[in-house]
Each structure stands twice: as structure tokens, then as C-alpha cells.
Amino acid sequence: MEKLKLYGFNNLTKTLSFNIYDVCYAVTPEDKQRYIEYIDEQYNSTRLTEILVEITKIIGANVLNIAKQDYEPQGASVNLLITEEAIPIVSVDPSCNLGTLIPTPRHVVGHLDKSHITVHTYPESHPDKGIMTFRVDVDVSTCGEISPLNALNYLIENFDSDIIICDYRIRGFTRDINGNKHFKDHRINSIQDFISSKNLNLYNSIDVNVYQENVFHTKMILKELNLDNYLFEMKAEDLNENEKNDILNKLNQEMHEIYYGRNF
């Protein structure tokens with residue numbers, strides 16, 4: 001698509017909602033607690049902040065402010081305020097930290113001058129089946145020419161994603177030099193267009209798109225399950241075939257219920 005010649009600023013808002021689910025199997029209450037502690041350490045607010053800052057770089061934005069928080073008993077949130085172009089220091093609001101965090105605060109919120117990025121984590125478990133499901137929600141909202149879709153492969157590769165659910169929507173309009181409204185400034189038929197073949201080949205994917213409304217939805221579920229990747233504090237070689245099949249059935253049921261959004 002030929003670059004639009006605009007009258008004023010590009011007012012389009014592009015929002016990517018990226019949700020992943022990581023499923024695990026742990027039997028005893030002690031193992032379940034250790035898994036929660038492991039997840040809390042693996043995806044604490046500090047590491048999540050590093051991921052969001054890298055996303056900001058990938059999409060070509062600049063950090064204005066970061067806020068982050070680790071929660072009790074588990075979970076974390078980070079929020080970044082970002083800007084498409086760097087803002088002179090004298091113009092930055094004094095409340096913004098420009099991405100430099102002081103030791104005291106434990107909350108994270110990231111602000112961009114025209115955009116924002118947020119992440120929240122949700123560890124949880126089944127009361128009696130040994131299934132543990134960890135969810136991460138990442139929302140990237142940008143204004144102007146930068147696109148959150150450019151960070152998709154980085155997001156997929158930085159989380160252990162058994163299930164990925166993506167929503168992308170373009171809101172508002174921008175006006176060209178002749179006064180005509182444009183409700184989209186880039187070509188898109190599917191979110192999958194922005195995911196590498198390497199990553200796509202790992203998943204079965206479904207699209208549900210509303211083209212006339214510039215709304216795009218993609219669901220992805222991992223094709224193959226390696227049991228050892230799902231066992232916490234145990235190994236597949238120590239299980240008999242019936243035990244392996246039972247665990248695989250539980251994992252498959254959990255993943256497909258999440259994927260299709262209903263209980264089986």
C-alpha cells in the first residue's frame with residue numbers, strides 16, 4: 001500500500017490483545033505450591049518489564065513511564081506508557097520516569113505518549129485433577145504509524161504458549177490531505193500474516209474476522225504434546241502407560257476447553 005499523505009497526525013488506534021495459556025501437571029499440594037512459586041519467579045514484574053520494554057523497541061516506540069506490581073499470594077502486572085517519537089526531556093511530565101525504576105515501588109505500569117502496553121498474569125489450578133493453568137494477558141495499544149503486530153513473534157517465543165488467543169482491532173480514522181477519511185493504513189487479512197512460518201507450524205489455528213469492522217481474531221493451539229514438558233517434579237519415564245495416557249487426557253481436555261471456550 002502506498003504511504004498515505006495525511007492532513008495532520010495519524011489518529012488511528014491499533015490494539016493487540018495477546019493472551020497465552022501454559023498448562024502443567026502437578027499432583028501433591030506441595031508440588032502445586034512449588035509450581036505457583038516457580039511461575040511467580042519466572043514471570044515476576046521485573047522480567048515482565050524487560051519483555052515489555054523490548055516490545056516497545058521492536059515496534060519502534062519510546063518509553064515514557066513504567067509502573068509494575070507483584071501481588072500476594074501470586075501474580076504480577078506491568079504497565080508502560082509509550083510514544084511513537086522521542087519527546088524532549090523538558091516536555092515530559094514530571095510524573096513520568098522514562099523507564100528508570102527506583103528500588104522502592106513494586107507496582108508496574110508502562111505509559112507511552114501515544115500508546116500503552118500492559119501485562120497481567122493469572123496462575124491457577126484445578127482442585128483435584130492436578131492441572132495447573134497459567135495465563136498471561138498482554139495488551140499493546142498504539143497510535144500513529146507504529147503497529148503492535150510487529151511484536152507477535154517475540155511474544156510467542158518469550159512465553160511457554162500452549163494456547164494463544166489474539167485479537168487485533170483498528171479504531172478511529174485518519175484524514176488525508178484531500179480530506180478523505182481512512183479507517184486502515186496497512187494491509188491485513190489475518191493476524192497470521194504477521195506470524196512466522198516457524199511459529200505457525202507449531203500450532204493449529206483458526207481465524208474469526210470481521211473485515212468490514214477491522215476486527216481480527218486468531219486462536220492457536222499447540223499441535224503436539226511432549227509429556228515431559230508438562231510434568232512438574234516428575235518424569236514420564238517413571239510412569240506406566242495408563243498413568244501417561246490419563247495425564248495426557250487431562251491435559252488435552254484442559255487445553256481444548258480453553259481453546260473452544262466451553263466445558264467438555
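Helices (H or I, at least four residues) and strands (E, at least two) are DSSP runs, numbered from the N terminus. In that numbering, Glu233 has its place in the loop between β11 and α5 (241-260). All of the views below are taken from a predicted model.

**View 1. Glu233 in the loop between β11 and α5.** The backbone of Glu233 has a phi near 65°, a positive value in a residue other than glycine. Glu233 also takes part in a network of salt bridges, in which it is linked with Asp31 and Arg34. This network belongs to a structure in which a search of the whole finds six salt bridges.

**View 2. Asn214, in the loop between β10 and β11.** This loop joins β10 (203-207) to β11 (215-222). Phi of Asn214 is near 55°, and this positive value again occurs in a residue other than glycine. Asn214 counts as buried because its relative accessibility is 10%, under the cut-off of 20%.

**View 3. Helix α2 (residues 45-58) and its two faces.** The helix has 14 residues and reaches 20 Å from its first C-alpha to its last, close to the 20 Å expected at 1.5 Å a residue. Ser45, Leu48, Thr49, Ile51, Leu52, Ile55 and Thr56 are buried in α2. Seen down the helix axis, the buried residues of α2 fall within an arc of 160°, and they therefore line one face of the helix. Glu50 and Lys57 are exposed and are carried on the face of α2 turned away from its buried side.

**View 4. The two ends of α2.** At the start of the helix, a side-chain oxygen of Asn44 reaches to within 3.1 Å of the backbone nitrogen of Thr46. Just after α2, Gly60 takes a positive phi of about 85°.

**View 5. Polar contact between Asp70 and Ser45.** The side chains of these two residues make a polar contact of 2.7 Å. Asp70 lies in strand β2 (residues 62-70), whereas Ser45 is one of the buried residues of α2. Asp70 counts as buried too, because its relative accessibility is 19% and the limit for a buried residue is under 20%.

**View 6. Salt bridge between Lys14 and Asp185.** The side chains of Lys14 and Asp185 meet at 3.0 Å, N to O. Lys14 lies in strand β1 (residues 13-25) and Asp185 in the loop between β9 (181-182) and α4 (197-200), so the pair ties together parts that are 171 residues apart in sequence. Both partners are buried: Lys14 has a relative accessible area of 1%, and Asp185 has one of 18%. Side chains of opposite charge can pair when their charged atoms come close.

**View 7. Salt bridge between Arg135 and Asp137.** The closest N and O atoms of the pair are 2.8 Å apart. Arg135 counts as partly exposed, at 25% relative accessibility, whereas Asp137 counts as buried, at 10%.

**View 8. Salt bridge within helix α5, between Lys250 and Asp246.** The two side chains meet at 3.4 Å, N to O. Lys250 and Asp246 are separated by about one helical turn, because they are four residues apart in α5. Lys250 is partly exposed, with a relative accessible area of 21%. Asp246 counts as partly exposed as well, at 37% relative accessibility.

**View 9. Nonpolar surface patch that includes Phe264.** Ile206, Val208, Tyr260 and Phe264 form this patch on the surface, and together they have about 370 Å² of accessible area. Phe264 lies in the segment after α5. With a relative accessible area of 52%, Phe264 is exposed, since the cut-off for exposed residues is over 50%.

**View 10. Asp160 and Tyr21, apart in sequence.** Although 139 residues separate Asp160 from Tyr21 in sequence, their C-alpha atoms are 7.9 Å apart in space. Asp160 is found in the loop between α3 (152-158) and β7 (163-171). At 46% relative accessibility, Asp160 counts as partly exposed.

Terms used
Residues are numbered from 1 along each chain as its sequence is written. This is a predicted model: local features need pLDDT of at least 70, side-chain atom pairs count only at pLDDT 80 or more; totals for chains, interfaces and linings use all residues. Side-chain values use heavy atoms; hydrogens and water are left out. Buried means under 20% relative accessible area, exposed over 50%, partly exposed in between (1.4 Å probe, protein chains only). A polar contact is a pair of N or O atoms within 3.5 Å; within protein, one must be able to donate a hydrogen and the other to accept it, and residues adjacent in sequence count only if both atoms are side-chain atoms. Patches are made of residues with over 30% relative accessible area and no salt bridge: like charges are joined within 9 Å, nonpolar side chains (Val, Leu, Ile, Met, Phe, Trp, Tyr) within 5 Å. Accessible areas come from the Shrake-Rupley method with a 1.4 Å probe; for residues, only the protein chains shown count as cover. A salt bridge is a side-chain nitrogen of Lys or Arg within 4 Å of a carboxyl oxygen of Asp or Glu. The expected span of a helix is 1.5 Å times one less than its number of residues. The arc is that of the directions from the helix axis to the C-beta atoms.
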